[in-house]
Amino acid sequence: MNDQNTDIYAPEFVADLFDRCSSSYRRWSSVSSFGFVSLWRHQCVARLIAASNPRPVIVDLMAGTGEVWPYLLRRFPDLDTVCALDISHRMHLEAVDRLHGEYADRITHIEADALQTDLPANHADLLVSTFGLKTFNPEQQTELAKQIARILKPGGGFALIEASDPKGWALRPLYRFYLDKVLPTVERYFLRGANDFSMIGTYTRNFGDCAEMADALKAAGLEVTSRSHFFGCATSVAGTKPIVQF
Ligand SMILES: C[S@@+](CC[C@H](N)C(=O)[O-])C[C@H]1O[C@@H](n2cnc3c(N)ncnc32)[C@H](O)[C@@H]1O
């Protein structure tokens with residue numbers, strides 16, 4: 001719940017929101033997107049450049065319940081570690097609950113604010129983030145881009161994807177009606193009056209698309225290409241940290 005004076009971008013507000021969403025997050029995000037989130041996670045991982053290190057260290061920012069890990073492990077079966085960073089304690093707990101024994105030892109959990117993480121500089125061969133951008137306002141996106149540029153090794157690759165507002169798409173009014181009216185009603189009915197997931201709709205509307213993040217990443221010194229997915233219902237940015245030549 002939030003009133004007019006609540007800062008919905010305050011890290012503690014976001015952490016509480018996802019703590020409350022954690023137990024139903026996986027099912028709700030999959031069902032409410034008609035399975036598109038899974039396809040988009042796959043497409044995001046496919047955008048990562050192949051790491052030169054055969055055993056890459058991968059940082060998953062805003063990792064949530066770890067939904068992207070199966071795609072990472074499929075594409076990089078010999079990966080060294082997935083360093084899963086998330087601010088929500090309960091999202092981490094949900095992730096740990098469903099970790100499969102065979103790869104549990106390759107996941108490291110960090111409960112922290114991605115804007116203030118003390119992950120070492122030049123740490124990651126690859127960095128990924130799926131649906132973790134919307135809860136950052138433009139100033140925070142600038143800060144996040146700097147963190148990404150700092151954490152990546154020179155030559156390292158990144159890919160980030162986020163649900164977006166498909167401006168210009170003929171079916172956008174229908175899509176907005178679904179997001180703004182249908183989903184909140186369904187949520188109220190099935191989740192006993194909660195409006196936490198509806199808040200995620202508010203963040204998505206405010207976020208727009210990845211254009212601002214793309215600019216912030218370029219300003220932080222990264223090479224960036226942008227892509228639109230399914231008529232702009234999601235957008236992604238991917239690229240590399242240049243190897244500086246002296
Ligand atoms: C919509 S979920 C995405 C989870 C997952 N990556 C996926 O593909 O489903 C967004 C996640 O970002 C996390 N998050 C939001 N702001 C954060 C911040 N400042 N630092 C770290 N994690 C944050 C939330 O706790 C939440 O788990």
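A residue counts as buried when its relative accessible area is under 20%, and as exposed when that area is over 50%. The legends below use these words for a predicted model.

**Figure 1. The whole protein chain, with nine helices and seven strands.** The C-alpha atoms of the protein chain fill a box of roughly 55 × 40 × 35 Å along the principal axes. For 246 residues, a compact globule would have a radius of gyration near 18 Å, and the 17 Å of the protein chain agrees with this. Of the 246 residues, 54% count as buried. Among contacts with a separation of 6 or more, 78% are between residues 24 or more positions apart. The protein chain exposes about 12000 Å², and carbon and sulfur atoms supply 55% of that area. There are 25 positive and 29 negative side chains, and the centres of these two sets lie 6 Å apart.

**Figure 2. Alanine 63 in the loop between strand 1 (57-61) and helix 3 (69-75).** The relative accessibility of alanine 63 is 9%, so this residue counts as buried. Leaving aside neighbours within four places in sequence, alanine 63 is in contact with Trp69, Ala84, Leu85 and Asp86. Valine 128 is 65 residues away along the chain, and its C-alpha atom is separated from that of alanine 63 by 8.8 Å.

**Figure 3. Helix 4 (residues 89-97) and its buried residues.** Met91, His92, Glu94 and Ala95 are buried in helix 4. They are on the same side of helix 4 because they cover an arc of only 160 degrees around the axis. The buried residues of helix 4 pack against two helices, helix 1 (11-32) and helix 3, and against two strands, strand 2 (81-86) and strand 3 (107-111).

**Figure 4. Histidine 123 in the loop between strand 3 and strand 4 (124-130).** Histidine 123 has a relative accessible area of 25%, which means that this residue is partly exposed. Not counting neighbours within four places in sequence, histidine 123 is in contact with Val57, Val59, Ile151, Leu152 and Lys153. The C-alpha atoms of histidine 123 and proline 54 are separated by 15 Å, and the two residues are 69 residues apart along the chain.

**Figure 5. Aspartate 165 in the loop between strand 5 and helix 7 (172-190).** With 7% relative accessibility, aspartate 165 counts as buried. Beyond residues up to four places away in sequence, aspartate 165 touches Arg172, Arg176, Gly208 and Gly232. Arginine 205 is 40 residues from aspartate 165 in sequence, while the two are 6.2 Å apart in space, C-alpha to C-alpha.

**Figure 6. Helix 9 (residues 211-219), with its buried and exposed residues.** The buried residues in helix 9 are Met213, Ala214, Ala216 and Leu217. An arc of only 165 degrees around the axis covers them, so they are on the same side of helix 9. Asp215 and Ala219 are exposed, and they are carried by the face turned away from the buried side of helix 9. The packing partners of the buried residues are helix 6 (138-151), strand 5 (152-163), strand 6 (223-229) and strand 7 (234-240). Just after helix 9 comes glycine 221, with a positive phi of about 100 degrees.

How values were computed
Residues are numbered from 1 along each chain as its sequence is written. This is a predicted model: local features need pLDDT of at least 70, side-chain atom pairs count only at pLDDT 80 or more; totals for chains, interfaces and linings use all residues. Side-chain values use heavy atoms; hydrogens and water are left out. Helices (H or I, at least four residues) and strands (E, at least two) are DSSP runs, numbered from the N terminus. The radius of gyration is taken over C-alpha atoms; the globule rule is 2.2 Å times the number of residues to the power 0.38. Buried means under 20% relative accessible area, exposed over 50%, partly exposed in between (1.4 Å probe, protein chains only). Contact means heavy atoms within 4.5 Å. Accessible areas come from the Shrake-Rupley method with a 1.4 Å probe; for residues, only the protein chains shown count as cover. Lys and Arg count as positive and Asp and Glu as negative; His and the chain ends are not counted. The place of a charge is taken as NZ of Lys, CZ of Arg, CG of Asp or CD of Glu. The arc is that of the directions from the helix axis to the C-beta atoms.
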